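Visitor: I am new to this structure and would like a close look at one part of it. Could you take me slowly through one helix and what it meets?

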Amino acid sequence: MTTATPTIQELQVLETLRAHRRKHRAGLPIQISTHIQQPIGLLTRGQKISDAVARTVGSWKFIIIQSICILGWITYNSVNNSNVWDPYPFILLNLMLSFQAAYTAPAIMMSQNRLSEIDRQQANNDFEVNVKAELEIELLHQKIDMMKEKELFALAKAVEALSQKLDSYRK
């Protein structure tokens, strides 16, 4: 295999591909090297609270403790007919659970929204990495194609030279 220096046309094609790649990189809305998640210290107080609420309410420990408390509440108010603060329809218990749901649901949604934003940033970064890899692969394919063309051209010249020599020997 002969290694020849690239021609001006080949260099122009490579430079065009590089310019395309630089242009694409410059147009990226988010640089690939940016951090996906905020460091814990940079979270706002509301974000920290919503994350803590989501982490706590979304655990088996919370579900078990809450279930034990509810069963204890119902048992105490059902067994003790005298001195009960919440008789059978358990209206106070219902009110407390409604308040809990009314305040935890938005906190959980805020935490999920922040996490989905992080996921969107990560997906965008993955896309940009894939685009960069695609451009690099295109550049490599172009280089290989140019090398093949050079090789074929050199082989064609060699065949032509050999054919001329054969023709001259036959005459």
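Guide: Leaving aside neighbours within four places in sequence, serine 111 is in contact with Ser50, Asp51 and Ala54, where contact means heavy atoms within 4.5 Å. Serine 111 is found in helix H4, and the name follows a rule in which helices (H or I, at least four residues) and strands (E, at least two) are DSSP runs, numbered from the N terminus. With a relative accessible area of 5%, serine 111 is buried, a word that stands for under 20% relative accessible area, while exposed means over 50% and partly exposed lies in between (1.4 Å probe, protein chains only).

This is a predicted model, in which local features need pLDDT of at least 70 and side-chain atom pairs count only at pLDDT 80 or more, whereas totals for chains, interfaces and linings use all residues. Residues are numbered from 1 along each chain as its sequence is written, and side-chain values use heavy atoms, with hydrogens and water left out.

The contacts of serine 111 belong to a wider meeting, in which Gln47, Ser50, Asp51, Val53, Ala54 and Val57 in H2 touch Thr104, Ala107, Ile108, Met110, Ser111 and Arg114 in H4. By class, this contact of H2 with H4 has 6 nonpolar, 4 polar and 2 charged residues; here Ala, Val, Leu, Ile, Met, Phe, Trp, Tyr, Cys and Pro count as nonpolar, Asp, Glu, Lys and Arg as charged, and the others, Gly among them, as polar. Helix H2 (residues 45–57) packs with H4 at an angle of about 110°, their axes being 8 Å apart; axes are lines fitted to C-alpha atoms, for helices over the stretch in contact, and angles run from 0 to 180 degrees between N-to-C directions. H2 and H4 are therefore roughly perpendicular to each other, given that angles of 65 to 115 degrees count as roughly perpendicular, under 35 as roughly parallel, over 145 as roughly antiparallel and the rest as oblique.

H4 also has a second partner. Helix H3 (residues 60–79) and helix H4 (residues 91–170) pack at an angle of about 160°, with their axes 11 Å apart, and H3 and H4 are therefore roughly antiparallel to each other. In this contact Phe62, Gln66, Ile70, Trp73 and Ile74 in H3 meet Leu92, Leu93, Met96, Leu97 and Gln100 in H4, and the residues divide into 8 nonpolar, 2 polar and no charged ones.

One of the H3 residues, Trp73, leads on to the aromatic rings, since ring pairs link Trp73, Tyr76 and Trp85 into a cluster; rings of Phe, Tyr and Trp (its six-membered ring) pair if their centres lie within 6.5 Å, and planes under 30 degrees apart count as stacked, over 60 as edge-to-face and the rest as tilted. Tryptophan 73 and tryptophan 85 form an edge-to-face pair, 5.5 Å centre to centre with 90° between the planes. Tryptophan 73 lies in helix H3 and tryptophan 85 in the loop between H3 and H4, so the pair ties together parts that are 12 residues apart in sequence. Tryptophan 73 is buried at a relative accessible area of 16%, whereas tryptophan 85 is partly exposed at 48%.

The loop between H3 and H4 also holds phenylalanine 90, whose phi is near 50°, a positive value in a residue other than glycine. Phenylalanine 90 counts as buried, at 11% relative accessibility.
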